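Q: Please take a close look at one stretch of this chain and describe how its side chains are placed. Begin with the chain as a whole, and add other sites where they help the comparison.

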Amino acid sequence: MTKRLRRYIDKIKPSFSEGGKFAWLHSTFEAFETFLFTPNTVTTRGCHIRDAVDMKRSMITVVIALMPALLFGMWNIGFQRAAASGIQADFWTCFAFGLVRMLPLIAVSYIVGLSIEFAFAQVRKHEVNEGFLVTGLIIPMIVPVTTPLWQLALAVAFAVVIGKEVFGGTGMNFLNPALVARAFLFFAYPTHMSGDKVWIAHDWWGTDAIAGATPLGEMMAGSTTPSASLTDLFVGTVAGSTCETSAIAILIGALILLGSGIASWRTMTAVFIGGGLMAVTFNLIGANSYMRLPFYYHYLMGGFMFGAVFMATDPVTSAQTNIGKWVYGLLVGMFAVLLRVVNPAYPEGMMLSILLMNCFAPLIDHCVVAVNISRRKKRWKEARQ
């Protein structure tokens, strides 16, 4: 079957090459060909590094790492609906409900995003990059399950055009596109992104919703600690964005990313250290119940862990130098907890924290490189004397 498909693609390829009938669709054809098969062309000039990992393999690895959180999120959507409605539902009923609710979100994200990416590639006569393979999946994973599809479509379009393509496409953007989409929804449609009635779908068609406070929402309302136990928070059987609630599922994804070398352990570790330090600092102040909350609760509530593993470690928008990764990660974690505790308007501080540090990542790297150059010049002068 594979050989037959390869022969068919080779047969029609001249029609999409320069001078062919459909040459104007070359970028689109090449995108599908390289998605199905390893490219059969190589460069002939310049310096090269031989490596078995290319962009496609890297993106697919991230998608695989997202699968535990995605699958658990699908089940949890159904579980939260059953628990809030007071009905008994088995595992497969909960999973089927979540699957039905998630698939339209994922489909809209990919259809809208890829359509725009293909259009830009055709106009620019560039290759279609695989970056949106990950972004298109993360966006529906970090929004409430009740998000209207038309709002999601607008957010995806905004993220791809304003957050990515205007800067040159994959690898040129300085803001995380998935978080740009989330921020667009948060500020454009706040009533659909906050409150207790946006986290739990009420029926199979999503025409209604019922209240289900998230742990962050409870803390903002003045609770001493979340009503959910630490076990529930760690497992993820709480209300929240579709796939951000399970620490276990996210940690499995973290192991995949770290084991494959896709994500930086420095950045990931620094985010947790930064968040813990800020939480402990608030513990010392202890002005209110939120400030007295133990640091490990911050790791398990909201999107802190998902952001630390999958978005703060984005190799395009985070710091590139080793020291810069520590500084960047520490600041991401610290600002995330700071925004949660101090500013009631933004109960989920991780989103704004990462976007803020995306803006400063180039400056952090610039300072690190400048210091290194200064030290080398100093050593060189000392050696000359």
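A: In this predicted model, 47% of the 385 residues of the protein chain count as buried. The chain holds 15 helices and zero strands. Among the contacts with a separation of 6 or more, 72% are between residues 24 or more positions apart. About 19,400 Å² of the protein chain is exposed, and carbon and sulfur atoms supply 66% of that area.

The stretch chosen here is the loop between α6 (149–161) and α7 (177–188), where F167 is placed. F167 is partly exposed, because its relative accessible area of 34% falls between the limits of 20% for buried and 50% for exposed. F167 also belongs to a nonpolar surface patch of about 510 Å². The other members of that patch are F158, I162, V166, M172 and F174.

A charged side chain comes next. K164 and E117 form a salt bridge through their side chains, with N and O 2.5 Å apart. K164 sits in the loop between α6 and α7, while E117 belongs to helix α4 (residues 91–124), so the pair ties together parts that are 47 residues apart in sequence. Both K164 and E117 are buried. The loop thus holds a buried K164 as well as a partly exposed F167.

By the rule used here, the model has two salt bridges. The second pair is E348 with R340, whose closest N and O atoms are 3.4 Å apart. E348 and R340 are buried too.

On the other side of the loop, helix α7 contains R182. R182 has 9% relative accessibility and so counts as buried, the limit being under 20%. The C-alpha atoms of R182 and V156 are separated by 8.9 Å, and the two residues are 26 apart along the chain. Apart from neighbours within four places in sequence, R182 is in contact with I142, V143, M193, W199, S241 and M351.

Two of those contacts lead to an internal space: W199 and S241 touch R182 and also help to line the largest cavity. A general point applies here. Rolling a probe the size of a water molecule over the atoms shows where empty space is left. The structure holds two cavities of 30 Å³ or more, and the largest has a volume of about 50 Å³. Besides W199 and S241, the lining of the largest cavity is made up of N76, I77, Q80, V238, A239, G240, T242 and T245.

For comparison, consider M59, a residue of helix α3 (residues 55–85). M59 is buried, because its relative accessible area of 14% is under the 20% limit. Leaving out neighbours within four places in sequence, the residues in contact with M59 are E130, G131, L133 and V134. One of them, V134, is 75 residues from M59 in sequence, yet the two C-alpha atoms are 6.2 Å apart.

To return to the chosen stretch: F167 in the loop contributes to the nonpolar surface patch, and K164 is paired with E117 in a salt bridge. In the helix that follows the loop, R182 is buried.

Conventions: Residues are numbered from 1 along each chain as its sequence is written. This is a predicted model: local features need pLDDT of at least 70, side-chain atom pairs count only at pLDDT 80 or more; totals for chains, interfaces and linings use all residues. Side-chain values use heavy atoms; hydrogens and water are left out. Patches are made of residues with over 30% relative accessible area and no salt bridge: like charges are joined within 9 Å, nonpolar side chains (Val, Leu, Ile, Met, Phe, Trp, Tyr) within 5 Å. Accessible areas come from the Shrake-Rupley method with a 1.4 Å probe; for residues, only the protein chains shown count as cover. A salt bridge is a side-chain nitrogen of Lys or Arg within 4 Å of a carboxyl oxygen of Asp or Glu. Helices (H or I, at least four residues) and strands (E, at least two) are DSSP runs, numbered from the N terminus. Buried means under 20% relative accessible area, exposed over 50%, partly exposed in between (1.4 Å probe, protein chains only). Contact means heavy atoms within 4.5 Å. On a 1 Å grid over the protein atoms alone, a cavity is a set of points where a 1.4 Å probe fits but cannot get out, and a pocket is an open set with protein on both sides within 12 Å along at least five of seven lines; lining residues have an atom within 4 Å of a point. Grid points are joined across faces, edges and corners, and a volume is the space filled by probe spheres set on the points.
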